[in-house]
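This report covers one buried position and the surroundings of two ligands. The sequence and the structure come first.

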Amino acid sequence: MKDFGFTVIKQRTIDYDQFDGRLLNYILEMEPSFKVCLSCGGCTATCSAGDLVSFNIRRLNLMLRRGETVELESEIKKCMLCGKCQLVCPRGINLRNVIMLIKKSVAKHQTVNS
Ligand code: SF4
Ligand code: SF4
C-alpha cells in the first residue's frame, strides 16, 4: 500500500448504549473543579512527562469522558505528579487531585467494553 505519510484513524464515535460513566462521575463528584475544563491544552503544553514520552494529559481527559478505562489506566502511569499542569491551568483545576483520584480508582471502575 502506498505510504502517504498519514493514516486514517479509526472511528471514535461514543456508543452511549455501551458507555460506562462511573469513573467520570466519581471524579467529578470528588473534584468538582474538573467540570470547568475548557480543553485549552495548557496542561498538555507544559507537561513534564509529555516532554519525555508520548503522553498527553488532555487525551486522558477525553479517555475519561469516553469511559476508556483500560487505556486510561495504562496512560496515567506515565504522569510523575510534578504539578506543572496545575500551575498553568487557567481554570484553576486541581489536576494533581484529578490524577491521583484516577490512579487510585481506575482499576475498580474498569469496564469490559472500554
Ligand atoms: S489547562 Fe486546565 S482548562 Fe486547559 S485543558 Fe488543561 S485542565 Fe482543561
Ligand atoms: S503532574 Fe503529570 S500531567 Fe501534570 S505536568 Fe506533571 S507529569 Fe504532566
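## Ile102 and the ligand shells

Ile102 is buried, because 23 other C-beta atoms lie within 10 Å (buried: 20 or more other C-beta atoms within 10 Å of its own, with C-beta atoms placed from the backbone). The model is predicted: local features need pLDDT of at least 70, side-chain atom pairs count only at pLDDT 80 or more, and totals for chains, interfaces and linings use all residues. Residues are numbered from 1 along each chain as its sequence is written, while chains are lettered from A and ligands numbered from 1 in the order in which they are written.

Helix α7, residues 95-105, contains Ile102 (helices are DSSP runs of H or I with at least four residues, numbered from the N terminus). Beyond neighbours within four places in sequence, Ile102 is in contact with Ile27, Leu72 and Ile76 (contact: C-beta atoms, placed from the backbone, within 7 Å). Between Ile102 and Glu73, 29 residues apart along the chain, the C-alpha separation is 7.9 Å.

A residue belongs to a ligand shell if its C-beta atom, placed from the backbone, lies within 6 Å of the ligand. Cys and Ala are among the residues that count as nonpolar, Asp, Glu, Lys and Arg count as charged, and Gly is among the polar ones.

| Ligand | Residues around it | Nearest residues | Classes |
|---|---|---|---|
| ligand 1 | 13 residues | Cys37, Cys40, Gly42, Cys43, Cys89 | eight nonpolar, three polar, two charged |
| ligand 2 | 14 residues | Cys47, Ala49, Cys79, Cys82, Cys85 | 10 nonpolar, two polar, two charged |

Two or more residues of the shell around ligand 2 come from each of α3 (48-52), α6 (84-88) and α7. Helix α7 gives the most to that shell, with three residues.

How values were computed: A residue is buried if 20 or more other C-beta atoms lie within 10 Å of its own, exposed if 12 or fewer, and partly exposed in between; C-beta atoms are placed from the backbone. Two residues are in contact if their C-beta atoms, placed from the backbone, lie within 7 Å.
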